[in-house]
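Let's walk through this model together, beginning where two chains meet and then moving outward. Keep the structure open beside you as you read.

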Protein chains: 2
Amino acid sequence: MRENPQPLLEASVIIPGTGTTESMPTPEEILDRTREEGLAELTGFLRIPSISSQPEHADDVRAAADHLADLYTHIGLENAEVIDTAGHPVVYADWLHAPNKPTVLVYGHYDVQPVDPLDLWTSPPFDPVQQNGLLLARGSSDDKGQIAIHWQAIRAWLEATGALPVNLKMIAEGEEEIGSPHFEAFVDSHRILLRADACVVSDSGVAAKGVPAIEYGLRGLVYFELRVETANSDLHSGLYGGIAPNPAQALSEIIAHLKDPNGRVLVPAFYDGVRPLTDEERRQFARVPFDEATFMQTYAVEALHGEPGFTPNERTWGRPSLDVNGIWGGYQGPGNKTIIPAWAAAKISCRLVPDQDPEAVSAALRSYIAKVRPAYARATLREMEGHGGPWITEIDHPLLQAGKRALQRVYGTAPVFIRSGGSIGAVDVINRHLEVPCLLAGFVLPDCRAHAPNESLDLESYEIGRRAVVELWRELGSLDLARQKNPH
Amino acid sequence: MRENPQPLLEASVIIPGTGTTESMPTPEEILDRTREEGLAELTGFLRIPSISSQPEHADDVRAAADHLADLYTHIGLENAEVIDTAGHPVVYADWLHAPNKPTVLVYGHYDVQPVDPLDLWTSPPFDPVQQNGLLLARGSSDDKGQIAIHWQAIRAWLEATGALPVNLKMIAEGEEEIGSPHFEAFVDSHRILLRADACVVSDSGVAAKGVPAIEYGLRGLVYFELRVETANSDLHSGLYGGIAPNPAQALSEIIAHLKDPNGRVLVPAFYDGVRPLTDEERRQFARVPFDEATFMQTYAVEALHGEPGFTPNERTWGRPSLDVNGIWGGYQGPGNKTIIPAWAAAKISCRLVPDQDPEAVSAALRSYIAKVRPAYARATLREMEGHGGPWITEIDHPLLQAGKRALQRVYGTAPVFIRSGGSIGAVDVINRHLEVPCLLAGFVLPDCRAHAPNESLDLESYEIGRRAVVELWRELGSLDLARQKNPH
């Protein structure tokens, strides 16, 4: 553990959670005062290219962890530490001076996605720029901006009242974008350190600008690399064209076999165990209809594609999917190279929903590929690290209902209960290893271009997010969660 | 033109073509004496990485041209010049002191294929190494080694007799490996310079070790880049998996539509105009049966693949083919990236036989892709520079019969008359623009790994090749080709 830092403010006799006396400002007033300072801090955090998937950025990932630990200390959190794992480290800090109040574990991740294709960025991804009310940078929404929302709400409480209305344990992971390969081992070996009554995760978004959302379900992920080899060497396409098997042809035929023309996955048993959507879920999902026209215009998409019989939200939140994430083989350079490649490969991943079994899906894909591959092609399916199961909790859980009250108060409208198509492996791990209920509420816009060029943070949404977290600590402080552990 | 160099030997009173007096050595004796010197010269030539398709090697291509022009001058050729084109230059040199003898245009190319994947080379591709009777280097067989065979036969004649039995015009192109995009314009604007009675091309191989071959037909080439785009940006595969169209999926489906499971091309009209093989052609082709077992073992190929109803030779020499030469899109790096790519692309080429029309094939492929592409996918088919039509001549042409006599004398066995699956765009150009018959006879082994890692030159085959060209000049010197121009 690091040496306990000097707190910014001395402990106060003000009762935590009330926050209003004539002599003391409210946390909300501190938020107003620290707006510029907070943005400058976030900008500094965003400048660190903490791309977890690229070995050449390992030092940057470490630098981002150190930076965040220092920030936590600076705002008054205690015991800030960068804890090593077998991969990138986890940042921990806490504040545990609210006796008889719940202890809340707050999860975020400080690592970011790669930035390629770099030429599509309008400004350098690690040189944050404000433009039209947006802060443009890799990680601005996913997830550094949301980590910043949390640390600013914490500072607001500590500066205003000298205390927090709840006990907090902050953890920030450095491997979320590569599927949290070492997070399970980390959590498993730090059960006591991480013991809490509830978990809050802000790695998602609002339903629409001004419309908060609580996510009660996430899709899981299994990720593969499929390699198809037909020779030990590239071959001259003139001398051998017509007799040599072609691995790019074979790979294409395998991929073409994975889905029907509508986009329904053809792998037998793929849909086994998929939990049907209830009428209430379909009603909630319909409250935030997916804006097909805007999506198509924003991303220059000709037409949506996917499983028939479901709305877009139902398809991304309640149904599994399969996608090719990358494909490569043979000559990709300028001009012509007249070869038949020796091999071709693809990255293929599946998003899974309750109650699919990731291992069963892997096995089904493996045996299907073995069956549909052309006889001349050697196909190897390698499952990558970082898979995670799907996660779901119940809408009427007290934690989710407390979150609903806090959000409704700040936004002026009730949050919608939705799921997400994304995967947060950490949520699955926390749920299983710590037996603690999770509240997933994020503050960024759906259209923040996470994982893509020109990722952005909408600054109005960021501002209301800071207030929402201040209110959330207030609401959770009044909750008795001790009896609610392990809802599953 | 360069200044006329000092010839290595003074003109002699010996009658060219006889080459044997008690006082003068034979060309064959000179070949024996200059073996090491010739190999050293070839090695120096191979050290220049003249990769024509890669812009960063443009200076190396130029250096190889300069090097070759100097070599030509050094061995006694005249008027050596590096002639600029809109792309890489052509090297020219001549020797025109054999009145009343045919003038023979000799074509070769000094550019080479790229070397990737570099890690599969057992020695650096531009650092030639002798190993087990092979000279390992990029370009050792295709085509620098064969250019060396020619220059050494020329030196042998000039050193032995002070003259050649024929007039020679040597040209070496620098863009063969990228489909000869500027060769047609070069030839068209140098018709007088290149005027000749016959053309000899050594860019092919023997049928098998010790079995010479004369190629009377070549496949043509059309080369495309197919780009499939479904969005203007990569998309998060969690948030959009199930609704966003996937370009790698679409590209794979298009490619899967191009051939049936046996490898027969499904593009309508693709086989239009294909000239049926005669019984005599099938008989000649069968004289050099394709060794399937050796091919499969050498290249670790599970099974041959291609159009049913034809032997391997018939498929590669007499039937058109279609291959994916490269494919790419999305994330190809280490680890996982959870995106749906914005686009994916492939290089696709067709090998064409007489009497297919390259433009008709292009048009057929374009309209077929437009038809089979998924509706959500924008597909763009770009035809690359460097296509060429197929070429064929008649087996009983006097030039081919003269070549047959020379080869039979040196190898002790009659050459087989075959075609090649490869394309030499230059041959098509020479045939059409100079109206001159071509003799295609090469000296390297079929298994020389041209275009692939560990390209090699079999040194025994190289040695007999030098003797065969000496004999070829002798044989062509006795031929009256003036009446045989333009056999087509």
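Ile327(A) stands opposite Gly329(B), a residue of β11(B). This is a predicted model, and that pair is a good place to start looking at how the chains meet. The two β11 strands, one from each chain, run antiparallel and are joined by five bridges. In chain B, strand β11 covers residues 321-330.

Now widen the view to the whole contact between the chains. Chain A brings 88 residues to it, and chain B brings 88 residues as well. On the chain A side, several elements each supply at least two residues, including α7 (237-240), α8 (247-258), α11 (312-318) and β13 (343-352). The biggest contribution to the side of chain A that touches chain B comes from β11(A), with nine residues. By residue type, this side of chain A divides into 39 nonpolar, 35 polar and 14 charged residues.

How are the two copies related? A turn of 180° with a shift of 0.0 Å along the axis lays chain A on chain B, with an RMSD of 0.1 Å. The copies are therefore related as by a two-fold rotation axis. The interface fits this picture: 100% of the interface residues of chain A are interface residues in chain B too, so the copies meet through the same surface.

Next, look inside a single chain. The domain assignment splits chain A into domain 1 (27-218 + 390-484) and domain 2 (220-274 + 320-383). Their C-alpha centres are 36 Å apart. Where the domains touch, seven residues of domain 1 of chain A are in contact with eight residues of domain 2 of chain A. The domain 1 side of this contact is made up of two nonpolar, four polar and one charged residue.

Helix α4 of chain A is worth a stop of its own. This helix runs over residues 144-161, which makes 18 residues, and reaches 26 Å from its first C-alpha to its last, close to the 26 Å expected at 1.5 Å a residue. Is α4(A) mostly covered or mostly open? Mostly covered: 18 of its 18 residues are buried. Just after α4(A) comes Gly162(A), with a positive phi near 75°.

Finally, a few backbone details deserve a closer look. Most residues other than glycine have a negative phi, and most peptide bonds are trans. Against that background, the peptide bond from Pro354(A) to Asp355(A) is cis, with omega near 0°. Asp355(A) sits in the loop between β13 and α12 (358-372) of chain A. In chain B, the bond from Asp142(B) to Asp143(B) is also cis, with omega near 10°. Asp143(B) belongs to the loop between β5 (134-136) and α4 (144-161) of chain B.

Two residues in the loop between β17 (438-440) and β18 (456-458) of chain B round off the tour. Arg449(B) is not a glycine, yet its phi is positive at about 55°. His451(B), likewise a residue other than glycine, has a positive phi near 75°. Are these residues buried or exposed? Arg449(B) has 22 other C-beta atoms within 10 Å, and a residue with 20 or more counts as buried, so Arg449(B) is buried. His451(B) has 25 C-beta neighbours inside 10 Å and therefore counts as buried too.

Conventions: Residues are numbered from 1 along each chain as its sequence is written. Chains are lettered from A and ligands numbered from 1 in the order in which they are written. This is a predicted model: local features need pLDDT of at least 70, side-chain atom pairs count only at pLDDT 80 or more; totals for chains, interfaces and linings use all residues. Helices (H or I, at least four residues) and strands (E, at least two) are DSSP runs, numbered from the N terminus. The expected span of a helix is 1.5 Å times one less than its number of residues. A residue is buried if 20 or more other C-beta atoms lie within 10 Å of its own, exposed if 12 or fewer, and partly exposed in between; C-beta atoms are placed from the backbone. Copies are superposed by least squares on the C-alpha atoms of residues with pLDDT of at least 70 in both. Two residues are in contact if their C-beta atoms, placed from the backbone, lie within 7 Å. Ala, Val, Leu, Ile, Met, Phe, Trp, Tyr, Cys and Pro count as nonpolar, Asp, Glu, Lys and Arg as charged, and the others, Gly among them, as polar. Two strands pair if DSSP finds at least two bridges between them. Domain bounds come from an automatic or database domain assignment.
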